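This report turns to charged side-chain pairs and nonpolar packing in a single model.

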Amino acid sequence: MENRYLEEYAGDLWAGSAGRALGCCMDLRLRDYFDVGTLQRGEDYAHRGLVATVEPLPDGSIRGRVLNGRGESYQQRITLSNSFVDGICSCPVGHNCKHVVAVLMTSAERDSSSPQLAAPVRGWLTRVKQQPTALVPPEARPEDYPDKVKERLLYVLIPNETKVRIDIYKGRINAAGTGLNKAIRRYDALHALRSNAVAKFIRPTDLELLSALAQTQLWETHYSYGLPGMFKPKGQDALPLIRRLCDTGRFLHDNSPDAELSWSEACPKARLAWRMAADGSQSLGFEDADGIQLELRALDGAALWVNTAHGQIGALAQPVQIEALQLVQSAPQVAPDEAAALAAEMPATLAGLALPPPHVARQRRRAAHKRIARLTLGAESARDGYRRWDSVSVTLPTLTLRFVYDGQEVWEGDADPRVVENNEVVTLTRDHQWEAACVIRLMDAGAIPVDEMDYLLPSARMLQCDFVFAEEEMGANSMRLPSSRDGLEFAFRTLPGLRTEGWEIIETSKWPFRLSDEAAALTVATQAEAGDAFHGNDWFSLGFQAEIGGKPVDVAPLIAAFLEQVRDEWDAVPDVDVLSQHLSDKPVYLNRGKAGYAPWTSVRWHPYSIWC
């Protein structure tokens, strides 16, 4: 129905047979009881014939039942009295909804129609009338993309899976037309194909590929039980489908614009082999005849190899059972101390493949040639209570400390690190006394161990850190209440010393204490003023001016930062030279927001002859 229909029924609408049962003729204005959106949706429901029943009741009300087009129906009870519409519905809205509008409009149309037709029949008749008198030829859909269509349907090989599984994504060509944008998102292709108009970026090739992927169950649609197992195509039958996906140029090994896969005709033969990591531990995997590591995906009766570094995929010379592939991928890392015992009990084959024993390397122990403390600076959140609805979240500076021996990183509780040298597994002896001294150094500077926080509740990310600067917590090592100055002093006074001592400092973007390139300065000046002499002395004015980066700024934040950070107690008010020397040794840092902290390192004095 057009808007004219709404105007007619939103203007002067009768009460229908229900109104006549009440013995009155009511002038109803639907727009007084329903918003435009509800009227339009109700009109659509009535137009589509979704009103199943309309029944006038003896008490003057109307009872109706409306379908939602998805197999469900809702019950309505509508009361019309004194030009008032009170429609109750069993839908989630509950009152004066689109279903109530649909019942009223259908009832009105039924009363004005002669002869009367049942709602389903009238709905069917309406749809018949809407059909074009001539057949409309299907829209031509060539393989080439229209110039204005920039979206692309993408096929992504799901990573970290033993079986070949493919998911559907959607991307967009970048403005230069040279490739895909970084924003690549999962796309519900099955839902899109069910719509009346298929998206223009889905080409005929895509329709064939999606159908084939669903039948082979390489694409799990989750909407049906799929084909019986005996009818499922075998792995060799699915290989040409994988090749066709590569031919589209839109087959990826990850949802990334630079993850395109191309088909390779190479058919290597896989074998099992143990690979030794830098710490001497070993893991089981597949490799080809040249010893190049292979990443495999299993099909029923076939197998694929994937080289993500070179963007290639191809068929393996021989099939590998899915169960065998799952066993290999789930194999734990074998420590050097376990290799000999495992080799003694290991079978000779695994699913028809030769299973070599792990390498049993000679072991020895020595001290590390080089050791460094690695400190990562960041910030994470914590709460001031266990109840989320009334607690406050705060972001606090954090420290993560690790010890590196000859390139191997360890922390408290870790075993002594290992390295492989000349086919030998060398265990490096840790210096626990040096490690403890590093920890004490941080705690003396005001850092508090995260696992010793009592008042604040650390977040999961903060629990992955080691230390935090928090005013609310008591430092067990210093036996004093921390201050907001602790983080500042650590950042600008302790850290430079740690760098000088050889600590490796990693500053993340979350670290709040960044040094600004600007410098702050305070200028103090005196100036003679007019007026009669007072006890032989002239009048003068004393002025203060602050500058940061050569630009004048408000003096108040500079003074506040000075009062917060300077802890020295002088017997007398310091003169300009003493204060300048103090700031040169221990600058005061002014928070400049995104620009970082600007150091205040000097006081300039411009005197005027004060005494006559």
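R275 is partly exposed, with a relative accessible area of 31%, where buried means under 20%, exposed over 50% and partly exposed in between (1.4 Å probe, protein chains only). The model is predicted, so that local features need pLDDT of at least 70 and side-chain atom pairs count only at pLDDT 80 or more, while totals for chains, interfaces and linings use all residues. Residues are numbered from 1 along each chain as its sequence is written, and side-chain values use heavy atoms, with hydrogens and water left out.

R275 forms a salt bridge with E287, a term that stands for a side-chain nitrogen of Lys or Arg within 4 Å of a carboxyl oxygen of Asp or Glu. E287, in contrast to its partner, is buried, with a relative accessible area of 11%. A search of the whole structure finds 26 salt bridges, including those tabulated here.

| Pair | Closest N and O atoms |
|---|---|
| R165 and E161 | 3.0 Å |
| E287 and R275 | 3.5 Å |
| R418 and D337 | 3.0 Å |

R418 lies in strand β21 and D337 in the loop between α9 and α10, so this pair ties together parts 81 residues apart in sequence; strands are DSSP runs of E of at least two residues, and helices runs of H or I of at least four, numbered from the N terminus.

The largest nonpolar core has 33 residues, of which Y155, I242, F251 and I313 touch the most other members; such a core is a set of buried Ala, Val, Leu, Ile, Met, Phe, Trp, Tyr and Cys residues joined through side-chain atoms within 4.5 Å. Its largest share, 6 residues, comes from α8.
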